[in-house]
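Please look over the chain below. The report that follows walks through some of its local features and then its overall makeup.

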Amino acid sequence: MFRNLHAKLANAVGASSASARAGLVITTSRTNSVMLGRRFSSKNGANTANANGNTAASADSAVIGYYQGDSPSLERFTATAFALNDKLNNSLFTMLEQANFSGALGEARVLYPPTPDDHPSDAPPLPVRVAVVGLGKRAAAANGTSMSKEAAWQTARKAAATGVKALQGVGAKKIAVEAFADSPRAVAEGATLALYSFDHLKTKASTDSSSSSTQSSSLASEASSTTSSESTTTPDVLLLSRTADPVPASSATPTQGTPLSPDAFKTGRILAQAQNLARHLMEMPANLLTPTIFASTAEREFADLPHVTVTVRDEAWVLKHGMHAFHAVAKGSKEPLRFVEVAYRGRNLLGSDPEQTARVQVNQDEVAVEKREDVIDLVLVGKGVTFDSGGVSIKPAAGMALMRGDMGGAATVLAATHAVARLGLPINLTTLIPLAENMPSGSAVKPGDVVRASNGLTIEIDNTDAEGRLLLADALFYATTHLRPRAIIDVATLTGAIDVALGRQYAGVFATHEALWAKIHKAAQVAGDPVWRMPLDPSYLAAMQSSVADLKNAGDRSAGACTAAAFLYQFLRPALPAKAALAVEPLANGDLPAPCPWAHVDMAGVMHHGKAVDAMNGAGMTGRPTRVLVEVVRGLIEERKVRDE
């Protein structure tokens, strides 16, 4: 359904060994054309380099960097920019002097340098457009401090985004971007995110007579088509190779001789494409992305990726498993609920011995549980309310259209899982997505109703607009009892209170274990997608006490994000084994197993930008924190490598 998004990029690229005097060379490794969501045929589910290796290619445009300073100077060029300026007989620097270009971060100038008469005829053509982007002041300061690598990567993302966006605006078709901060991955992320747009539902003028034959097709069929045309204005993006030309000493390129990694560029592109997939799902109008369509989309997106199984459950299965809290949310809509489970089993790709047994902590004692190949390292759970009217407790009309994005948690966990599968990461990951519409009707759940969740707790429905926690409650209990993973992370557009607390800059994270929080925090730094830890304190549960049931689903106005997290924590274990819908085996001493490490990510504040923040973050749905989730997975893998050595 979403295979033809508008961020088409060329495949992984590598550095050229050609001499700078033979002309600036751009290298690329091509396989099939890459479009977000297209099925991939390579063994690990990702686009891999052509077996024939790198081949030279040309680009009509280039993006290079220039540092901020008090006066024009060649030393403010990056090494790659200096080399290109040299090839162009210093014309770039001359133009910058005339343009009064400061080099501030986010600033860009598109220049049109003439090709020198002495440029070798057998060398690749030089770019006819060059976007010079500001990188801000140099990282190294007089006192010896320097920018962190994570901050440098974020600068690289923004610089790449600024440059390709500027060149797209003037008609560039193929853009070569230098590896700012020696990070092809960050450059690929920034460029791919910048070129995303959601416009495939807009009718485009066409002289093609065949276009009239589609007039009778429905919007739904257009949206679900896997062959819809991609934007003709989206340029290809390549990586600009490093050169061997001398660089002014103060340009500070200590790793100038290090080859640029085509794998890193490919990884960055896949990560950003995953976030764009989440953006696309979140932008889809609710009539074109019902629970049923979302489920079928998940099946289609993973159809050709190895090591993945997608299972879609219906209402009968949900009721059989006692998920009455989840079921209550869907009762008001004619659209049937769905429960999607995506199982990715890549753990043995690391080469672990399948005969070894995994060991987990249970009440301070390490015990063997399953063969390593069967252990689920992580479960992701995403709130999938494809449209949230508020139900009987209906929302105000103003802004309700944005509630098509209330399945942002589902979109981000699905997209992150897609990236994990494409990258072929060695981990066992299961993603759970409860899907429903929250609508008012004669059959809708009402304030004051009481339902029993699958873990045995009864819940008074105090506010039908606090529905997300009801879906998550049953999904979390299913994860802990049926899957028994080493860790669980749920992601949800859960509360407006988190927006009040943290605004549009940070997602809020509630975590039971310091180690899991540390992994999420580190992942957010690497991804350049910030998060903030919030308090998970049992005292917040007092606001959720009911006079007629074990809990109610809404508290008062105070600390709404914190009370919601405290509510969710109650569903990581059964209230009483006899009352739980799924049996929970006690330990030998009769105690119930302790809940595994869990984190709840409330992304409601970062769901949407009302206007563009910068070139990388345009107006609309954000797809955050997709890349953070993939980084968490990578962190878990690195931890396991160390543990297994």
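## Loop residues with positive phi

D182 sits in the loop that links β6 (174-178) to α4. The model is predicted. Phi of D182 is near 50°, a positive value in a residue that is not glycine. Most residues other than glycine have a negative phi. D182 counts as partly exposed because its relative accessibility is 38%, and the partly exposed class lies between 20% and 50%.

N100 also has a positive phi, near 55°, and is not glycine either. N100 belongs to the loop between α2 (91-99) and β4 (108-111). Is N100 buried or exposed? With a relative accessible area of 65%, N100 is exposed; the cut-off for that class is over 50%.

## A cis peptide bond

Where does the chain carry a cis peptide bond? The bond from R624 to P625 is cis. Its omega is near 5°. Most peptide bonds are trans. P625 lies in a loop, with β23 (620-621) on one side and α15 (626-644) on the other.

## Helix α4 and residue T267

The loop holding D182 leads to α4. Helix α4 spans residues 184-194 and is mostly covered. Eleven of its eleven residues are buried. Among them are the charged residues R185 and E189. The buried set also includes P184, V187, L193 and A194.

R185 is one of the residues that T267 touches. The others are L423 and R634, leaving aside residues up to four places away in sequence. T267 lies in helix α6 (residues 262-283). T267 counts as buried because its relative accessibility is 12%, and the limit is under 20%. How far apart are T267 and L423 in sequence and in space? They are 156 residues apart in sequence. In space, their C-alpha atoms are 7.2 Å apart.

## Helices α3 and α13

Two packed helices are described by the angle between their axes and the distance between the axes. Helix α3 covers residues 149-168, and helix α13 covers residues 514-527. Their axes come within 7 Å. The crossing angle is roughly 40°. The two helices are therefore oblique to each other.

Which residues make the contact? From α3 come E150, W153, Q154 and R157. From α13 come K522, Q525, V526 and A527. By class, this contact has three nonpolar, two polar and three charged residues.

## A three-stranded sheet

Three strands form an open sheet in the order β15-β16-β20. The pairing is mixed. The edge strands are β15 (450-452) and β20 (551-552), and each pairs on one side only.

Strand β16 covers residues 458-460. Two bridges join β16 to β20, and these strands run parallel. E460 has K552 in β20 as its bridge partner.

## The chain as a whole

How many helices and strands does the chain have? The secondary structure comes to 15 helices and 23 strands. The chain has 645 residues, and 56% of them count as buried.

Take the contacts between residues at least 6 apart in sequence. Of these, 77% join residues at least 24 apart. The chain exposes about 25500 Å². Carbon and sulfur atoms supply 51% of that area.

Conventions
Residues are numbered from 1 along each chain as its sequence is written. This is a predicted model: local features need pLDDT of at least 70, side-chain atom pairs count only at pLDDT 80 or more; totals for chains, interfaces and linings use all residues. Side-chain values use heavy atoms; hydrogens and water are left out. Helices (H or I, at least four residues) and strands (E, at least two) are DSSP runs, numbered from the N terminus. Buried means under 20% relative accessible area, exposed over 50%, partly exposed in between (1.4 Å probe, protein chains only). Contact means heavy atoms within 4.5 Å. Accessible areas come from the Shrake-Rupley method with a 1.4 Å probe; for residues, only the protein chains shown count as cover. Axes are lines fitted to C-alpha atoms, for helices over the stretch in contact, and angles run from 0 to 180 degrees between N-to-C directions. Angles under 35 degrees count as roughly parallel, over 145 as roughly antiparallel, 65 to 115 as roughly perpendicular and the rest as oblique. Two strands pair if DSSP finds at least two bridges between them.
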